[in-house]
Structure formats: C-alpha cells, structure tokens
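This note is addressed to a colleague who is opening the structure for the first time. Please keep the sequence and the model in view while reading the points below.

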Amino acid sequence: MASQPIKPSLAGNASQSQRTSQPGLRYPSNGKTIYHRPLNRSRTQELSQASFAYLFGEMVSYAQKRVTGIQDLEKRLNVQGHPIGLKLLDLLLYREPPRTQNRPLNIIALLQFITTILWRHLFSRPADALEKSSNPDTPDEYMISDNDPLVNQYISVPKEMNQLNCAAFVAGIVEGVCDGAGFPARVTAHSVGKGEEGELWPGKTVFLVKFQQEVVEREAYLPKN
Amino acid sequence: MSYYFAIIGTQDNPIFEYEFGTSKQGGDGIARFPEQARHMNQFIVHSSLDIVEEVQWGGGQMYLKCIDRFYNNYVSCFITGGNVKFLLLHAPSQPAVANTTRASTSIAANPTSPQIEEAIKQFFTEVYENWVKTIMSPFYQVNMEVKSPVFRARVAAAGKKYL
C-alpha cells in the first residue's frame, strides 16, 4: 500500500474502499462465475469454422510480427497451443464416463487418447494414422498423421516459406497434453505433401512426437498391462 | 474428525489449502487439531508426496485412496490427469475411553473403512469438477495459486456435504 502513490481525488478514494471490501475481485453483473457454468458440452454448441479460421489467421500474423525466422514462428505457435493442451487433458478426462476415467500410464495409451479423444474433440474426427518410428535409433519417436489439418484449411503459405507449417499450433496442443500427463515430449509439425499435381492429400501433415529419454526408461520399468 | 485439505501442483508447490472439521454426527465443521501438532499438517502432507509418486504409476485410477499414515493422521490422495495432487489429511478425534466399544464401530473411528473411503471419493470428485472449472479459466496458468473465494466456498460446501 505504502509504495503506491496516494490519489487525492474523491473518486480514487471511493474505488480504493470498494477494493478493500472485495480484494481485487469483481463479479459479473448476473453473479455467474466460471464455477456456475457446466463442464459438459452438448452437440449443438460447435463453433463456426469461419470465425475460427479468422481468429487463427490473426494468431498467425500476430506471432509473425516479432520473429526472426520460420523456426521461431513455429515455436511461437507451439507456445500458443501448449496451455490449451494442459487444460484439455483434464477437461476431456473429466468428460469420460467414470469407468474409463483413467490417467494414461504408458505411451500407447497416451497417444491413443490424443488421436481419438483429443482429435475428436478438436476436429470432430480421429487422426488418420499413428505410427511408431521404424528407425531402431529413435525408439522414442512416434508419428501422428492428419491428411488435411483443419487449422491449415484457409492458410496459404508463400513459396519462400515452404518450410512453415502452421499446424505447429496443434503440435503445441499435443505437446501440452503429453507434458501434462507426465510424458515430457517435443512435438513438431511437418508437411509431407510433395506439392505435385493431382496429389490426394496435398496438405498432409505429420506430427512428430519425440519423448524425452526418461519417459522411455520409465516405460521399460512399468509392468505391461 | 478434523481435516486438512491441500492441492499440490506439478512442481510439488502448494496451490490451495483448507482446514475443516466433520459436519457428520453432530460435528460443527471446525477443525480440532491439537495446537502443538497443527503446524505439522503441512509437513505430513508433503512427506506423503513421495509415496504418491510411486503409487501413481501402479494404476490409472485418479482416486488413490489412503496412501500414508503418520500416527493418528491418515492421508488420502486424488491425482488429476494433469499431475496435480489433491491431498486430504484426516485425523480422527481420539475416542473417549468410556465408550470405546461404540466408538470403534462408528465411521469416525476407522479411517480406512469403505464408508469413509467412499465419502472421501465423493468429496474429491466434487472438488475435481471445480478444479477443472478453475483451470478452464483462460487466465489460469499451470501451478498458479488458486485465490478464488468461489472455489474456496465450493470446497467448503463439498466438505460439509460428504465429510
């Protein structure tokens, strides 16, 4: 208190006294806080894709404003998605029926949660493929493919930036889910479409999930069930 | 029975704490920890975190039941998907010597009985619902302290309802 400058005006005093009665907190006029709202979503409350595309376009250009390169831009998109993943993990577990309301304990269970429950929640369909890296040197890498990522539908990447994949935002969400569940990982998005004429899935994206060493080590200790 | 409830973040940092007493069997909802032992509650709860980290990989259940005991203090745990731990320390009041036979069969005297386990589960489930609502706030970041008086009131109500 002492460090703050004293406002001489009456209005300042009034707001000061109001603040002491309710320290720093104001309720909405209808008295409803986030705690009064239900956590379950009904089918009809889906969002318009047009408004999402507009918002996402703005998010990309916002992230683009202060970046040094494509990697930095993807990093920023990843960071925007990360907290969403942390929150969705608990929200989606809460919505599961009590019998299957289990925390994922191994990598496969976690990735299945991501490719089915998380993907269905975000994009109304499961992911198109889930593969383990066939390279024996990288047993900690898994790949989730999406043939046509919803976030990229209205994003056109200029030729000189063809390294960029804005699904880095989705990679951030996936990373958040992994980190939250206790499986620290690095997730990146890669375009695999070759840009050829008549390609079936030109926007196909692979999310490369690279778990940290300790996760793989723990996996070996835990009993298989 | 007296209760001490704490929410512990992913970095073993306390996020929320609340102390209350039983409202069942004519209880007035006021915690009656002995004054010399009250400050120990935080230590007891935090020392059980090591056990939580062992037990949490044994099964996918969120409710881990009673995991630790320190003299007359029992610690029950619930772990969320995001690795946040709800820990409830419950200390049954010492039964009076005169009516030991009656007290030993009542719920309060046996902290690991199925009835008490179920009551704590219901308490945790209700807190979990409010916890998910808390983290759904776009301004809430992981491991931030929960200061909302509404959340505190909800936890108090859940404690009153089930414990």
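1. Which residues form a nonpolar patch on the surface? They are B:M40, B:F43, B:F70 and B:Y71, with about 470 Å² of accessible area together. Patch residues have over 30% relative accessible area and no salt bridge, and nonpolar side chains are joined within 5 Å. B:F70 belongs to strand 3 (residues 63-70) of chain B.

2. This is a predicted model, in which local features need pLDDT of at least 70 and side-chain atom pairs count only at pLDDT 80 or more. Residues are numbered from 1 along each chain as its sequence is written.

3. The largest nonpolar core (buried nonpolar residues joined through side-chain atoms within 4.5 Å) has 82 residues. Among those with the most contacts inside this core are A:I114, A:F211 and B:W131. Helix 4 (residues 114-136) of chain B gives the most to this core, with 10 residues.

4. Over all chains there are 11 salt bridges, each a side-chain nitrogen of Lys or Arg within 4 Å of a carboxyl oxygen of Asp or Glu. In one of them, A:D146 pairs with A:R125, the closest N and O atoms being 2.8 Å apart. A:D146 is buried at 1% relative accessibility, whereas A:R125 is partly exposed at 26%; buried means under 20%, exposed over 50%, and partly exposed in between (1.4 Å probe, protein chains only). A:R125, A:D128 and A:D146 are linked in a network of salt bridges.

5. A further salt bridge joins A:E141 and A:K210, with the closest N and O atoms 3.5 Å apart.

Note on methods: Chains are lettered from A and ligands numbered from 1 in the order in which they are written. Side-chain values use heavy atoms; hydrogens and water are left out. Helices (H or I, at least four residues) and strands (E, at least two) are DSSP runs, numbered from the N terminus. Patches are made of residues with over 30% relative accessible area and no salt bridge: like charges are joined within 9 Å, nonpolar side chains (Val, Leu, Ile, Met, Phe, Trp, Tyr) within 5 Å. Accessible areas come from the Shrake-Rupley method with a 1.4 Å probe; for residues, only the protein chains shown count as cover.
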